[in-house]
Amino acid sequence: MRTTTRAAAIAGVALAATTAAAGPAAASGTHHTADGAVFVQTNGTGGNKIVSYDRNLHQVGTYATGGLGTPATTAVDPLASQGGLTLDRAHGLLYAVNAGSNTITVFGVHGARLTRLQVIGSGGSFPVGVAVHDHLVYVLNAHDGGSIQGFRRYGDRLVALPGTHRKLALKATTDSPGQVAFSPDGRHVLVTIKGASRIDVFAVTASGGISGKPVRYEAPGKTPFALDFDRFGHVVVAEAGTNAAATFDLRRDGRLVPLAEVGTGGTATCWVTGVNGTFYLSNAATGTISAFRTKADGSLQNLGTTHTVGGGTIDTATSADGRTLYAETGATPDGVEAFRIGHDGKLTPAGSASIPGGVNSEGIAAY
């Protein structure tokens with residue numbers, strides 16, 4: 001275990017070696033006062049940006065990440081991942097991936113306004129996702145065989161953790177990973193591998209490192225894309241191969257045990273976001289959102305499907321109070337749609353907004 005003094009010294013040395021932002025990013029737009037904010041990532045190839053809105057989807061500002069996005073490989077899903085824009089609500093920080101320049105940007109969050117604090121290498125090629133648990137941050141890289149890299153947060157800066165780089169041994173780009181996520185207790189890091197149809201589970205050590213090899217759950221034909229956790233500790237997975245919601249029990253030794261699987265009724269089921277015991281799965285090809293509730297035994301209750309106004313429904317996020325779901329639509333022109341969440345979990349349309357310059361966007365976060 002490091003002492004506080006030693007940790008601070010290491011942090012100071014490491015921070016000096018990182019590529020940091022020269023200062024706050026300039027904002028554009030008019031400020032709107034609202035309780036809460038929504039952030040989306042443009043993934044622009046000429047310069048990645050974050051567009052911010054108040055809770056009512058009035059645009060507040062546009063902030064350069066200091067990195068580059070990447071051209072779309074599919075019509076609506078350029079990063080092919082969940083978690084490309086990740087909000088650490090507890091510490092007021094926003095993490096954005098710059099897939100085109102292999103970096104991560106750290107922003108300070110001030111209401112709906114952002115201050116760029118740091119730009120740091122992702123520890124691999126083509127970063128597509130970020131996971132946060134307390135002072136630990138793990139980044140998912142999709143290219144060159146895929147990898148994850150661990151970081152420790154010191155204040156509002158990241159420092160790469162030595163010995164935490166893990167290769168995912170992907171055989172081809174089509175094996176691409178979908179998401180990196182922490183278990184609620186922080187004891188495991190999970191990585192969905194879409195094309196290879198598996199989920200890798202790494203154990204997290206007391207020092208913040210991870211096991212040398214993962215416990216691997218093979219899911220032939222399922223194509224696990226993204227995941228979340230319910231209040232019972234079950235893993236809820238969006239399976240693109242079967243267009244289904246699936247639940248698993250995560251054992252202490254890292255094994256995943258299947259519990260239930262129910263079809264969404266949509267096509268290209270890829271993203272999942274849970275709030276108030278209800279999970280919303282995005283069906284990109286049909287432009288719909290399917291809702292499910294999980295029970296203590298891991299079974300799933302289908303609440304039905306909501307049709308969105310825009311096409312290519314991709315990543316979603318919820319407000320901190322659990323009353324609103326925001327869905328990013330990847331069909332041109334890209335946009336954001338808001339839905340009020342009823343007590344029964346049903347969704348009611350509550351407005352929309354375009355993403356300026358957003359013809360390649362992916363990544364959404366809200367509070």
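Two strands are taken as paired where DSSP finds at least two bridges between them. In this predicted model, strand 5 (residues 93-98) and strand 6 meet that condition with room to spare, pairing in the antiparallel sense over six bridges. Within this pair, Leu94 has Phe107 of strand 6 as its bridge partner. The two strands make a hairpin with four residues between them, and Asn102 in the turn takes a positive phi of about 55°.

Strand 6 (residues 103-110) also has a partner on the other side of the sequence: eight bridges join strand 6 to strand 7 (residues 113-121), again in an antiparallel arrangement. Here Val109 stands opposite Leu114 of strand 7. The connection is a hairpin with two residues between the strands, and Gly111 in that turn has a positive phi of about 65°. Strand 6 is mostly covered, with seven of its eight residues buried.

A further hairpin is found at strand 10 (residues 147-154) and strand 11 (residues 157-160), which are antiparallel and share four bridges. Tyr154 faces Arg157 of strand 11 in this pairing. Two residues separate the strands, and Gly155 in the turn shows a positive phi of about 65°.

Two open sheets can be followed strand by strand. One of them has four strands in the order 21-22-23-24, with antiparallel pairing. Strand 21 and strand 24 (300-307) each have a single partner strand, so they stand at the edges and one side of each is left without a neighbour in the sheet. From one strand to the next, the twist averages 25°. Inside this sheet, strand 23 (residues 288-294) and strand 24 run antiparallel and are joined by seven bridges. Ser290 stands opposite Thr305 of strand 24.

The other open sheet is likewise built from four strands, in the order 25-26-27-28, and its pairing is antiparallel. Its edges are strand 25 (313-318) and strand 28 (347-354); each has a single partner strand, so one side of each is left without a neighbour in the sheet. Neighbouring strands are turned by 25° against each other on average, direction ignored. Between strand 26 (residues 324-329) and strand 27 (residues 335-341), which run antiparallel, there are six bridges. One of the facing pairs is Thr329 and Gly335, the latter in strand 27.

Attention now turns to the pockets. The largest pocket has a volume of about 1,000 Å³. It is lined by 37 residues, of which Thr86, Leu87, Arg89, Gln179 and Asp228 are the closest to its centre. By residue class, the lining comprises 19 nonpolar, 13 polar and five charged residues. Several strands take part, each supplying at least two lining residues: strand 4 (85-88), strand 8 (127-133), strand 13 (177-182), strand 17 (224-229), strand 21 (269-275), strand 25 and strand 29 (364-366). Two of these contributors, strand 21 and strand 25, are the edge strands met above.

Thr86, one of the residues closest to the centre of the largest pocket, belongs to strand 4. Its relative accessibility is 13%, and Thr86 therefore counts as buried, the cut-off being under 20%. The side chain of Thr86 reaches the backbone oxygen of Gly83 at 3.0 Å.

Two further residues give a view of other parts of the chain. Arg55 sits in the loop between strand 2 (49-54) and strand 3 (59-64). Although it is a loop residue, Arg55 counts as buried, with a relative accessibility of 15%. Its side chain makes a polar contact with the side chain of Asp321, at 2.9 Å. Leu259, in contrast, is partly exposed, with a relative accessible area of 37%. This leucine is found in strand 20 (residues 256-263). The C-alpha atoms of Leu259 and Asp249 are separated by 6.9 Å, the two residues being 10 apart along the chain.

Terms used
Residues are numbered from 1 along each chain as its sequence is written. This is a predicted model: local features need pLDDT of at least 70, side-chain atom pairs count only at pLDDT 80 or more; totals for chains, interfaces and linings use all residues. Side-chain values use heavy atoms; hydrogens and water are left out. Axes are lines fitted to C-alpha atoms, for helices over the stretch in contact, and angles run from 0 to 180 degrees between N-to-C directions. On a 1 Å grid over the protein atoms alone, a cavity is a set of points where a 1.4 Å probe fits but cannot get out, and a pocket is an open set with protein on both sides within 12 Å along at least five of seven lines; lining residues have an atom within 4 Å of a point. Grid points are joined across faces, edges and corners, and a volume is the space filled by probe spheres set on the points. Ala, Val, Leu, Ile, Met, Phe, Trp, Tyr, Cys and Pro count as nonpolar, Asp, Glu, Lys and Arg as charged, and the others, Gly among them, as polar. Buried means under 20% relative accessible area, exposed over 50%, partly exposed in between (1.4 Å probe, protein chains only). A polar contact is a pair of N or O atoms within 3.5 Å; within protein, one must be able to donate a hydrogen and the other to accept it, and residues adjacent in sequence count only if both atoms are side-chain atoms.
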